[in-house]
Amino acid sequence: MRRPGFLLLLPFVLAGCGAEAPAQAEDTTVTISVLAGQSTSDAGIEDMIDEWMSEHFPQVALEWECVDWGDGFNSRIQGHFAAGDVPDIIIGKAQDVKTYAGTGNLGVMPGQCSGKIEDEALEAVTVDGKVYGIPYNAWYQGVIYNKNVFRSLEVEPPQTEKELEIVVQRLKEAGIVPFAAHFQESWKVANMTMQYMMNDIFMEFPDWGVQFREGRQSFGGNERIRNCMENNRKILDNSWEDALQLDQFESDSRFTKGEAAMYLTGSWSLQFASQYGEGIEFGIFPYPSQSGEPKLLRETNLTFMKSRDSEYEEMIDEILLRLLEDQKLAQEILNFTQSASVVKGIMPAYESKIQDDIDWYEQHGMIVDVAAGNSQLTWEFQDMVAAEQLSWLKNEKTLEEVLQYADQNREFSTY
C-alpha cells in the first residue's frame, strides 16, 4: 500500500497517536501495551505496524503510547519503572538498552531474533553477553551537503577545521548561506554536540564518560570540549539570521529547496528531498575533527525491547520474529524514514540520495556507531547541557557557565 507523504501524514498521526485504542474486533483476545519513543521521522510507523498486525496477528491489539523520544521518553519510561507498570514492548534507540538494562526491567531477546541482526548493530544492545534489544534500522549523521553547489564552486568536502573555514568563506563570497540550522529545540544542539564529541573525545577516550563521573575528566578546562561547543556558535554565525527561531521542519524544507549548502544533521532530514529538491544532488561527509581524520556516524535507531515480566513474552517473540522476516513491511518503513536496515538480508527498496558517499565510508572503515558516546552520557544529561548552550548561543550566559553547569550536574550523566 502506498503511504501518503510526510506532510500529509503528520496531522493524522498527531491526532491519532496516544489516543484511545480503536474498538477491537470480536476475535481480539490479547492487548499488548507499547511505549514508543519516536524521533521526528518515526511518527506514522505505528500505523504501518498496526496494519501489518491486523493481517498477521488479528487476535492481538497493540495499545500504543507514543511520546517524543528527545523530550518525553526518558521521563515516561522511568515513571513506568517506578510504578512497576512496565510496557510489554518498548521501542526506543539502541543506546537505551545499556541505559535501562541495569534496572532489571528488560527481558533477554531470543537467539532466533538476535541472529537476524547484523553483528555490528548487536554490539550496542548486548550487556554482559546477553541481548536486550532488537535493532531494526539505522541513520547516518554528518554534514549533508549540496553537491551541485560544491561542484559549481570547485570545492571538496573538508576534513580539517581549516579546510572548513575555507569552504565557508568561498560560499559566503558567492552569496550562499553556508549552513542550514535550527536552534529552536535543545535536542538539536545536543545531537550536534555529540557529533563533535564522537570524533574529538570518544574516539580517543572510549570511557570518557566513566572518567568524567569519577572526576578524572571534566567539561571545564577541557579545550576539546570547549571547541566542540564553539562549533555550534560557528554554525549559528554562518546560517540564516533567524536560525535561533527555526524548528526542524522549516530548516529541512529550506535546505532541500537549495537555500543553504550544508546541514549538520542526519539522513532523517532527507524526508523532504523526495518532495522538494528533486534536481539537487546531495552528499554527506563527517564534520571536520581536530585530528583531521573524522569518521561518519551511524545511529542505530528503532530498537525493540520487552518487559522481563510480560505475560505475553512468547507472543512478543513470535511477533518480533515475523516482523524481522517481512521484507515488504521493512521496505515501507525504511523508505518512509529514509533509513538503512540492520536486519540481515533486508535491503531498502529506495536508493538513498547520499548512498554513494555512505558506501564509500563503509568500504574504507570510516564509520563509527554513535551509541559509543550516547551510552557514556545519558540523553537526559546531554539535553540538559544543550539547553544551557542555547542560553549561551542567545548571549544570555557565558560558555564558562555552561561548562561549569555540566560539571556540577555530572551525576545525571548516568542512569
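Where is glutamine 338 found? The answer is the loop between α14 (327–337) and β13 (340–341), where helices (H or I, at least four residues) and strands (E, at least two) are DSSP runs numbered from the N terminus. This is a predicted model, so to speak of local features a pLDDT of at least 70 is needed, side-chain atom pairs count only at pLDDT 80 or more, and totals for chains, interfaces and linings use all residues. Residues are numbered from 1 along each chain as its sequence is written, and side-chain values use heavy atoms, with hydrogens and water left out.

Back to that loop. Glutamine 338 has a phi near 55°, a positive value in a residue other than glycine. With 14% relative accessibility, glutamine 338 counts as buried (under 20% relative accessible area, against over 50% for exposed and partly exposed in between, using a 1.4 Å probe and protein chains only). Asparagine 395 also has a positive phi, near 65°, and sits in the loop between α17 and α18 (399–408). Asparagine 395, however, counts as exposed, at 64% relative accessibility.

Next comes the inside of the protein. The largest nonpolar core (buried Ala, Val, Leu, Ile, Met, Phe, Trp, Tyr and Cys residues joined through side-chain atoms within 4.5 Å) holds 133 residues, and Tyr136, Phe183 and Met262 touch the most other members. Helix α9 (residues 186–202) gives this core its largest share, ten residues. Leaving aside neighbours within four places in sequence, tyrosine 136 is in contact (heavy atoms within 4.5 Å) with a list of residues that includes Leu302, Phe304, Ile333 and Val343.

Valine 34 is another buried residue, with a relative accessible area of 3%, and it lies in strand β1 (residues 30–38). Not counting residues up to four places away in sequence, valine 34 touches Leu62, Glu63, Trp64, Glu65, Ile89 and Ile91.

What about the rings? The whole structure has 19 aromatic pairs, meaning rings of Phe, Tyr and Trp (its six-membered ring) with centres within 6.5 Å; planes under 30 degrees apart count as stacked, over 60 as edge-to-face and the rest as tilted. Tryptophan 52 and phenylalanine 57 make a tilted pair, because their planes are at 50°, with the ring centres 5.9 Å apart. Tryptophan 52 is buried at 6% relative accessible area, and phenylalanine 57 is buried at 2%. Phenylalanine 202 and tryptophan 208 have planes at 80° and centres 6.3 Å apart, so that pair is edge-to-face. Both of these residues, phenylalanine 202 and tryptophan 208, are buried, and ring pairs link them with Phe212, Phe219 and Phe381 into a cluster.

Some rings also have a charge over them (NZ of Lys or CZ of Arg within 6 Å of the ring centre and within 35 degrees of the ring normal). Lysine 93 lies over the face of tryptophan 69, 4.9 Å from the ring centre, while the charged end of arginine 254 sits over the ring of tryptophan 240, 4.9 Å from its centre.

Trp69 and Lys93 turn up again at the largest cavity: along with Ser39, Trp187 and Asn191, they lie nearest its centre among the 21 lining residues. Helix α9 returns as well, supplying the largest share of that lining, four residues.

How values were computed:
1 Å grid on protein atoms, 1.4 Å probe; cavity = no way out; pocket = protein on both sides within 12 Å on 5 of 7 lines; lining within 4 Å.
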